[in-house]
Amino acid sequence: MEKFTTLHGVAAPLPLINVDTDMIIPKQFLKTIKREGLGVNLFDEMRYDDDGNEVPDFVLNKPAYRDAEILVAGDNFGCGSSREHAPWAIKDFGIRCVIAPSFADIFFNNCFKNGILPIALPQEQVDLLMKDAEKGSNARMTIDLENQEITTSSGEKIPFEVDGFRKHCLLEGLDDIGLTLEKASAIEAFEAQAAQSRPWV
């Protein structure tokens, strides 16, 4: 998993509440088990019309936000069904951080497992960041995970909370497999000892 240390990039404003996982990645794109290739269908029903043409007014179709790496969203982001394809699509598009007043629990957990930093902040602070994001591609934010701090385009600093273990995993680029591999030596030693003491197993 790619390490997350400091992110400096464009933030896209999505001032919608209750954005569920079907809005993030509609059900017809859940057939794949690959984590790549879903970014083009992120927010598919909002990004494209019935003929597959881009909807010009949707934020990620606007030139200023096509390369957004941060998403500032409304309350209860990621609610609905527990599909891991949702963070896969977000990450594949290029977004590494989502900021909102609150998140659905399963989506929140899945973000960390896929190298995305979800940040929950009070509504007034999200409103401030939303206004900053609305300035466009010239207004870049900085997300400093080590120091747990967001810096707006105007230099204002906003602290955020993150669980220590999850922070460690993001900083080191460790998903569940990576965490297991950290114990590879201990696992191999245990297996060798078990093979000697119970050769019939």
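**Exercises on burial, charge pairs and cores**

K135 has a relative accessible area of 54% and is therefore exposed, where exposed stands for over 50%, buried for under 20% and partly exposed for the range in between (1.4 Å probe, protein chains only). The model is predicted, so that local features need pLDDT of at least 70 and side-chain atom pairs count only at pLDDT 80 or more, while totals for chains, interfaces and linings use all residues. Residues are numbered from 1 along each chain as its sequence is written, and side-chain values use heavy atoms, with hydrogens and water left out.

**Exercise 1. Find the residue that forms a salt bridge with K135, and state how far apart the closest N and O atoms are.**

Begin with the criterion: a salt bridge is a side-chain nitrogen of Lys or Arg within 4 Å of a carboxyl oxygen of Asp or Glu. The residue that meets it with K135 is D132, the closest N and O atoms being 3.2 Å apart. Next, compare the surroundings of the two residues: D132 is buried at 4% relative accessibility, whereas K135 is exposed at 54%.

**Exercise 2. State how many salt bridges the structure holds, and place the partners of R96 and R83 along the chain.**

The structure holds 5 salt bridges. In one of them R96 pairs with E2, with 3.3 Å between the closest N and O atoms. R96 belongs to the loop between α3 (85-93) and β3 (97-100) and E2 to the segment before β1 (6-14), so this pair links distant parts of the chain, 94 residues apart; helices (H or I, at least four residues) and strands (E, at least two) are DSSP runs numbered from the N terminus. R96 is buried, at 9% relative accessibility, and E2 is partly exposed, at 48%.

Now take R83, whose partner is D22, with the closest N and O atoms 3.0 Å apart. Because R83 lies in the loop between β2 (70-73) and α3 while D22 lies in helix α1 (residues 21-24), the pair ties together parts that are 61 residues apart in sequence. R83 is buried at 14%, and D22 is partly exposed at 24%.

**Exercise 3. Decide whether α3 is largely enclosed or open, and list its buried residues.**

Of the 9 residues of α3, 7 are buried, which means that the helix is largely enclosed by the rest of the structure. The buried residues are H85, A86, P87, W88, A89, I90 and F93. These residues pack against α1, α2 (44-47), β3 and α4 (105-113). After the helix comes G94, whose phi is positive, near 120°.

**Exercise 4. Identify the element that gives the largest share of the largest nonpolar core.**

A nonpolar core is a set of buried Ala, Val, Leu, Ile, Met, Phe, Trp, Tyr and Cys residues joined through side-chain atoms within 4.5 Å. The largest one has 31 residues, of which I24, L42, F43, L60, F77, I90 and F107 touch the most other members. Two or more residues come from each of β1, β2, α3, β3 and α4, and α3 gives the largest share, 5 residues. There is also a second, separate core of 24 residues, with I119, L129, A133 and M141 among them.

**Exercise 5. Place these details in the whole protein by giving its secondary structure and its share of buried residues.**

The protein has 8 helices and 7 strands, and buried residues make up 45% of its 201 residues. Its C-alpha trace spans about 65 × 40 × 25 Å along the principal axes.

Definitions and conventions. Contact = heavy atoms within 4.5 Å.
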